Each structure stands twice: as structure tokens, then as C-alpha cells.
Amino acid sequence: FLRVDVILLFVCGWIISIFKKYICEKQKIFTIILFLACLFLIFIKEFYILKFFSSILIFILLFNRKLKFYNIGGLSYLLHLYHAPIIVLMHPILLKYFANDVIIVLLQFFISVFILYVIHKLLNYYQIKIITGHRL
């Protein structure tokens with residue numbers, strides 16, 4: 001029920017966390033070695049193993065970085081709850097104007113994100129937290 005690659009990447013992250021101090025000191029060396037390994041795997045066209053090496057490389061490049069994240073808890077909560085009703089309501093309207101199913105799906109996605117973004121901004125402005133589960 002669990003994929004082997006997920007377990008392998010979890011174990012790699014666990015090993016990296018154990019040797020955190022050593023990896024931080026030698027980060028450039030690890031990065032170069034993993035980058036060269038990725039290039040070699042691309043060269044020999046071994047793409048299944050490449051995904052492991054490239055994900056570990058990305059993890060080491062981002063390891064101990066101070067990243068600034070935006071507070072999107074309220075927006076993601078709104079998207080999670082209300083994207084489906086908006087999409088269902090928009091489908092018959094969009095079907096009148098567009099025949100291509102791909103365009104309809106893309107428009108449903110972008111319009112629902114836009115509508116919920118506007119709702120999120122309005123809720124933020126008026127400090128109405130109950131609709132977003134107090135995640136503004």
C-alpha cells in the first residue's frame with residue numbers, strides 16, 4: 001500500500017537530518033556530486049533512478065534555507081471548500097459559449113480561483129473569519 005520510492009525518500013530525509021551538521025559544512029561538495037550524478041543518469045537515460053537523485057539534490061539545495069511563505073491558509077481553505085460548487089454552477093454557463101472541453105475546464109479553474117481570491121480579500125478586509133475557520 002506504500003510505494004517504495006516514498007519510503008526511500010523518507011529514509012534519505014531521515015539520514016540527512018541525522019548528519020545535518022556534516023552536510024551543512026560540506027553542502028557544496030554534496031551538491032556538486034549529486035548534480036554530476038544527475039547529469040550522468042540523464043546521459044545514460046536512467047530516468048527512474050534520476051528522480052531520486054534529483055529530489056535529494058533539490059532537498060539539499062533547500063536545506064536550512066530561510067524561506068518566506070505567504071499566509072494562504074484562509075485562501076486554501078476557501079478553495080478547498082468552495083471550488084466544486086463554483087465549478088458545477090459555471091459549467092452550464094460556459095457550455096453555452098464554448099464547445100471545447102479543455103477551454104471549459106481551464107476557465108472553470110481560473111474563474112473559481114479568481115472568485116475565491118476576491119472573496120478572500122473581502123473577508124480579510126472586513127475581518128470575517130468564521131467562513132474560513134479563523135484562518136485569515
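In which helix is L107 found? In this predicted model, L107 is located in helix α6. Its relative accessibility is 25%, and L107 therefore counts as partly exposed. Leaving out residues up to four places away in sequence, L107 touches M90, L94, F98 and S112. For one of these partners, M90, the C-alpha atom lies 9.1 Å from that of L107, at a sequence separation of 17 residues.

The overall organisation of the chain was examined next. Six helices and zero strands are present, and the order along the sequence reads α-α-α-α-α-α. Along the principal axes, the C-alpha atoms occupy a box of roughly 55 × 40 × 30 Å. The radius of gyration of the chain is 22 Å, whereas a compact globule of 136 residues would have a value near 14 Å. Buried residues account for 20% of the 136 residues. Among contacts in the chain with a separation of 6 or more, 57% join residues 24 or more positions apart.

Two packed helices are described by the angle between their axes and the distance between the axes. For helix α1 (residues 4–18) and helix α4 (residues 47–62), the angle is about 35° and the axes are 11 Å apart. The crossing of α1 past α4 is right-handed. On the α1 side, the contact is formed by D5, L8, L9, C12 and I16; on the α4 side, K51, F52, S55, I56, F59 and I60 take part. Sorted by class, the contact of α1 with α4 comprises eight nonpolar residues, one polar residue and two charged residues.

In soluble globular proteins, nonpolar side chains tend to be buried together. In the present model, the largest nonpolar core contains ten residues, namely I16, I23, L34, C38, L41, L50, I56, L57, I60 and F63. Two elements, α3 (27–43) and α4, each give two or more residues to this core. The most is given by α4, which supplies four residues. Apart from this core lies another one of seven residues, including L78, I86, M90 and L123. Within the largest core, I23 is a member that touches I16 and F30 when residues up to four places away in sequence are not counted.

Helix α3 also contains Q27. The relative accessible area of Q27 is 17%, which is under the 20% limit, so this residue is buried. When neighbours within four places in sequence are left aside, Q27 is in contact with I60, L61, F63 and R65. Of these partners, I60 and F63 are also listed in the largest nonpolar core.

Backbone geometry was considered last. Most residues other than glycine have a negative phi. A positive value is nevertheless found at K45, where phi is near 60°. K45 is placed in the loop between α3 and α4. Its relative accessibility is 62%, and K45 therefore counts as exposed. Another positive phi in a residue other than glycine occurs at Q127, with a value near 55°. Q127 is situated in the segment after α6 (101–126).

Key. Residues are numbered from 1 along each chain as its sequence is written. This is a predicted model: local features need pLDDT of at least 70, side-chain atom pairs count only at pLDDT 80 or more; totals for chains, interfaces and linings use all residues. Side-chain values use heavy atoms; hydrogens and water are left out. Axes are lines fitted to C-alpha atoms, for helices over the stretch in contact, and angles run from 0 to 180 degrees between N-to-C directions. A crossing is left-handed if the near helix is turned anticlockwise from the far one by less than a right angle, and right-handed if clockwise. Contact means heavy atoms within 4.5 Å. Ala, Val, Leu, Ile, Met, Phe, Trp, Tyr, Cys and Pro count as nonpolar, Asp, Glu, Lys and Arg as charged, and the others, Gly among them, as polar. A nonpolar core is a set of buried Ala, Val, Leu, Ile, Met, Phe, Trp, Tyr and Cys residues joined through side-chain atoms within 4.5 Å. Buried means under 20% relative accessible area, exposed over 50%, partly exposed in between (1.4 Å probe, protein chains only). The radius of gyration is taken over C-alpha atoms; the globule rule is 2.2 Å times the number of residues to the power 0.38.
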